[in-house]
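Visitor: Please take me through the salt bridges of this model, one pair at a time. I would also like to see the sheet that lies alongside.

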Amino acid sequence: MIQDATALARAIRRGTSSAADAMQASLDAAALHEALGAIAHLDSGMGMAAARAMDDERRAAPGRFANRVFGGVPTLAKDLGGPFTGLPVTAGSRLFKRTGGEADSDLASRFRDAGFCLFGLTTSPEFGLSLASEPAIGPICRNPLDPTLTAGGSSGGAAAAVGAGIVSIAHATDAGGSIRVPAACCGLVGLKPSRGAMPAGPSFGNHLGGIASELAVTRSVRDTAAIFDALSGQVRGPFADVALMPPNGRKLRIGVLAEAGAAYPTSSERSGAVEAAAKSLEAGGHSLVSLAWTNFEPMISASGKVFGDIVSVNLAALVDSLGLDIVRAETLTRAFVMRGRDMIGTSLWDALNAGVLVSRDLWQLFDRVDVILTPMLSSPPLPIGSFPSDHGDVDLHLERMTAFAPLASLANISGFPAITLPFESDADGLPLPIQIMAPMSQEPLLLALAERLESEGRWQHRFPVAGLAA
């Protein structure tokens with residue numbers, strides 16, 4: 001049996017388990033794995049109340065319950081994004097207190113409609129500014145596959161919780177790789193959807209000019225497909241709805257980029273995983289087109305700068321509009337805020353226009369190929385402490401993130417969809433993740449290719465899902 005949210009939902013729907021039993025198993029697993037630092041805030045009462053309500057509905061209104069694709073499945077929200085009623089988000093910062101919580105966002109409402117039972121918040125770096133989840137306020141989030149290593153960021157707590165089996169699926173956000181990098185670190189599946197595919201309302205406060213999106217980290221492609229289908233569409237702004245294009249069954253031109261150039265050297269095992277995945281797809285009848293780092297280098301450079309500028313201005317505006325005491329923030333966060341305050345309007349305009357040109361250049365590359373296969377990370381997950389926040393060098397921090405995940409922010413700046421999944425294991429038993437990118441609206445194609453590669457079974461999860469028999 002596949003250990004994922006779909007399997008757990010099926011067990012609850014059939015009555016071989018209950019939502020309350022699944023929730024209790026998740027709470028027990030959270031206690032067992034507390035040292036991972038995956039959970040920043042836990043509310044067992046909220047979780048059990050939601051689970052019992054789902055069990056009551058299953059008995060009293062089985063037809064309604066049957067329409068909830070993840071009916072009764074425990075999950076966690078990220079301590080950034082949403083918001084979810086009753087879960088007091090602090091964005092990993094001491095600038096906020098865990099008091100109360102805002103009303104559900106449109107996406108949060110869809111999570112509940114899908115049947116999820118929420119019981120806490122996962123660890124995020126302060127304001128999501130890092131590819132590690134180690135906020136100064138704690139907890140330090142560790143990789144369940146090796147606790148000396150990072151679980152990634154900024155959705156590191158979500159990935160650690162899913163990787164450890166505390167939950168089978170968890171809410172996540174992605175503005176510069178923040179779904180895909182943690183998924184890659186922990187051996188999970190992570191999809192960054194097309195711009196406009198996911199709801200961002202009603203406040204639109206976390207879409208960051210269109211570079212950010214929300215979805216989940218999962219243990220299987222089928223879970224990613226199911227939650228994408230449940231949450232996407234009819235977004236009501238700020239961008240037009242994406243008209244998804246189903247695969248037409250034709251043979252594809254697979255663009256292959258196995259390494260990220262001399263500036264960001266890719267480990268041989270990670271390049272090898274890309275090449276192995278390419279050969280597997282070629283064996284299925286698709287053709288391979290070799291791509292060079294020079295095709296991407298200008299877009300990567302521009303994407304990194306655009307990301308830094310948008311995040312800096314957004315953070316400065318947030319701090320100033322809420323009157324937050326920035327002195328209490330981490331040193332790196334203060335530097336981002338000052339960078340944003342110092343940016344003049346024409347510089348911001350230049351950044352926004354550069355992002356548009358990145359999208360144009362990527363479209364031109366897709367004139368040659370149908371999808372692009374790349375490494376997700378340049379190296380194994382880095383040791384805890386590799387992305388310190390006790391300094392004010394924003395450019396150094398941004399460069400460290402690019403060096404770790406060179407091809408992450410390209411999807412965010414361009415607006416294109418991208419998915420990561422583990423394809424093989426390295427000599428230390430850590431995942432060898434790959435990334436596939438496609439043109440806008442091509443999530444169904446990405447999911448179909450990912451499912452094809454996943455079916456080879458080259459990666460196996462180390463921990464069972466709480467509530468499912470191992």
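Guide: Start with Asp56. In this predicted model, Asp56 is partly exposed, with a relative accessible area of 44%. Its side chain meets that of Arg59 in a salt bridge, 2.7 Å from N to O. Arg59 is exposed, at a relative accessible area of 57%. Exposed means over 50%, so Arg59 passes that cut-off, while Asp56 at 44% does not. Both residues belong to helix H3, which covers residues 44-60. They sit three residues apart, about one turn of the helix.

Helix H3 also leads to the sheet. H3 packs on a sheet of three strands, and the strands it touches are E1 and E3. The direction of H3 makes about 155° with that of E3. The sheet is open, its strand order is E1-E3-E2, and its pairing is mixed. Strand E1 (39-42) and strand E2 (74-78) stand at the edges. Each has a single partner strand, so one side of each is left without a neighbour in the sheet. From one strand to the next, the twist averages 40°. E1 and strand E3 (residues 117-122) run antiparallel, joined by three bridges. Within this pairing, Leu42 stands opposite Gly120 in E3. In general, strands of a sheet pair through backbone hydrogen bonds, either parallel or antiparallel.

Now back to the charged pairs. Side chains of opposite charge can pair when their charged atoms come close. The structure holds 17 salt bridges. One of them joins Asp174 to Arg180, with the closest N and O atoms 3.0 Å apart. Here both partners are buried.

Another salt bridge runs between Asp370 and Arg253, where the closest N and O atoms are 3.3 Å apart. This pair links distant parts of the chain, 117 residues apart. Asp370 lies in the loop between helix H12 (345-365) and strand E11 (371-375). Arg253 lies in strand E9 (residues 253-256). Asp370 is buried, with a relative accessible area of 8%. Arg253 has 31% relative accessibility, so it counts as partly exposed.

Finish with a group rather than a pair. Glu424, Arg452, Glu456 and Arg458 are linked in a network of salt bridges.

To recap the settings: Asp56 is partly exposed and Arg59 is exposed. Asp174 and Arg180 are both buried. In the third pair, Asp370 is buried, whereas Arg253 is partly exposed.

Terms used:
Residues numbered from 1 in each chain as written. Predicted model: local features only at pLDDT ≥ 70, side-chain atom pairs only at ≥ 80, totals over all residues. Heavy atoms only, no water. Salt bridge = Lys/Arg side-chain N within 4 Å of Asp/Glu carboxyl O. Helix = DSSP H or I, 4+ residues; strand = E, 2+ residues; numbered from the N terminus. Buried < 20%, exposed > 50% of the residue type's maximum accessible area, 1.4 Å probe, protein only. Pairing = 2+ DSSP bridges. Axes fitted to C-alpha atoms, helices over the stretch in contact; angles between N-to-C directions. Contact = heavy atoms within 4.5 Å.
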